[in-house]
Amino acid sequence: MRRSVLLGTGSALPENCVTNADLATRIDTTDEWIVERTGIRQRYIAAEGETTSTLATAAARKACEAANVDPESIDLIVLATATPDNTFPATATQVQKQLGCRGGIAFDVQAVCTGFLYAMGVADSMLKNGMGSRALVIGAETFSRILDWEDRTTCVLFGDGAGAVVLESRDGETERGVIASKLHADGEHKELLYVDGGPSTTGTVGKLRMKGREVFRHAVVNLAEVLGEVLEQADISVTDIDWVVPHQANARILDATARKLGLPAEKVVVTVDRHANTSAASVPLALDTAIRDGRIKQGDLVMLEAMGGGFTWGASLLRM
Ligand code: COA
């Protein structure tokens, strides 16, 4: 049996931390409204010169350090982002260059907030098929650049950042590694969460548009369903899980999903208060946070899950 084993994680945030109170000086909102509706207290916003690739590279370096591997030994980089440095080339190629590793495979995956789960799925399949031996899977975003800062219903919800993991292909591994994954997409609901620009339509980058209340409803239903599918695929029950690391969109979505599944709240890693919604970066950022603060340990059974624009959604179970 060949498994993709997680060797290490890393993350990076911009220097500039913006609190709800800071936002309230610029737009018509309050700390109370944001905390009560979302659980968000602050977010990090990229400064000029800080880009998706610079954040991704910083996170990738830390993941390589934690994994105790030389970046030059990486032969596959899969980077999830909806906010690439340029329309092309893929931001992953610029991370490859900044890391100083050449010649391997490097490309981007775009599934918005589910991007990291999609990137993990792609990297895991490629490692299992022998198309690489050691992979960096990265989620990195600068969503602040596609927010409409005049729209208080969306601009308070998002932040910038990056998270990365090193996955290694191991023959004969039966304990550790990615155990089961399930991914979905349904293009029916594009108008509920999308960016109103793009190279092939308006020729502009565009701004994020969202009908938050409807996204909320779909998120809880889809996430509970896909988590059930992965549990069934792995033939385990919800009580076997040590930690759930969800996409950090909104504390109320996390609570509602946990309740629907019968998961105790203390098993859910929550960082949305500190990072806000960092889209594809949120799952690896939360995973890295919980590993570095000692909550998630080797041998733990960890469920990752996310839902985002498209809609896209998915979950992945791994033994640390
Ligand atoms: N500050 C203060 N008031 C605000 C506000 C803000 N930042 N944003 C909206 N409001 C107001 C609205 O104008 C509205 O006022 P009105 O009743 O006078 O018209 C009121 O608050 C309620 O707005 P509504 O949009 O119905 O609130 P809600 O309870 O649905 O909460 C979200 C809004 C966005 C927090 C919530 O729907 C949500 O979290 N949805 C999921 C979004 C998400 O996570 N998307 C990403 C998935 S990847």
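**View 1. Gly-212 and its neighbours in contact with the ligand.** In this predicted model, a polar backbone atom of Gly-212 sits 2.9 Å from a nitrogen atom of the ligand. A polar backbone atom of Arg-152 is likewise 2.9 Å from a nitrogen atom of the ligand. Trp-33 joins in through its side chain, with a polar atom 3.2 Å from an oxygen atom of the ligand. Polar contacts here are pairs of N or O atoms within 3.5 Å; for pairs within protein, one atom must be able to donate a hydrogen and the other to accept it, and residues adjacent in sequence count only if both atoms are side-chain atoms. On its own the ligand exposes 970 Å², and the protein buries 74% of that (accessible areas by the Shrake-Rupley method with a 1.4 Å probe; for residues, only the protein chains shown count as cover).

**View 2. The shell around the ligand.** There are 23 residues around the ligand, and Thr-29, Arg-37, Arg-152, Gly-212 and Asn-250 come nearest (a residue is near if one of its heavy atoms lies within 4 Å). By type, the shell splits into 10 nonpolar, 8 polar and 5 charged residues; Ala, Val, Leu, Ile, Met, Phe, Trp, Tyr, Cys and Pro count as nonpolar, Asp, Glu, Lys and Arg as charged, and the others, Gly among them, as polar.

**View 3. Who supplies the shell?** Which element gives the most to the shell around the ligand? That's α7, with 4 residues. Elements giving two or more residues include α2 (31-38), α6 (152-155), α7 (212-234) and β12 (301-308). Helices (H or I, at least four residues) and strands (E, at least two) are DSSP runs, numbered from the N terminus. Domain 1 (2-171) and domain 2 (177-319) each provide at least three residues of the shell, with domain bounds from an automatic or database domain assignment.

**View 4. Backbone oddities in three loops.** Phe-88 and Pro-89 are joined by a cis peptide bond, with omega about 5°. Pro-89 is in the loop between β4 (76-80) and α4 (91-99). Another cis peptide bond links Gly-310 to Phe-311, where omega is about -10°, and Phe-311 is in the loop between β12 and β13 (312-319). Then there's Asn-68, a residue other than glycine with a positive phi, near 60°; look for Asn-68 in the loop between α3 (52-67) and β4.

**Notes for every view.** Residues are numbered from 1 along each chain as its sequence is written, and side-chain values use heavy atoms, leaving out hydrogens and water. As this is a predicted model, local features need pLDDT of at least 70 and side-chain atom pairs count only at pLDDT 80 or more, while totals for chains, interfaces and linings use all residues.
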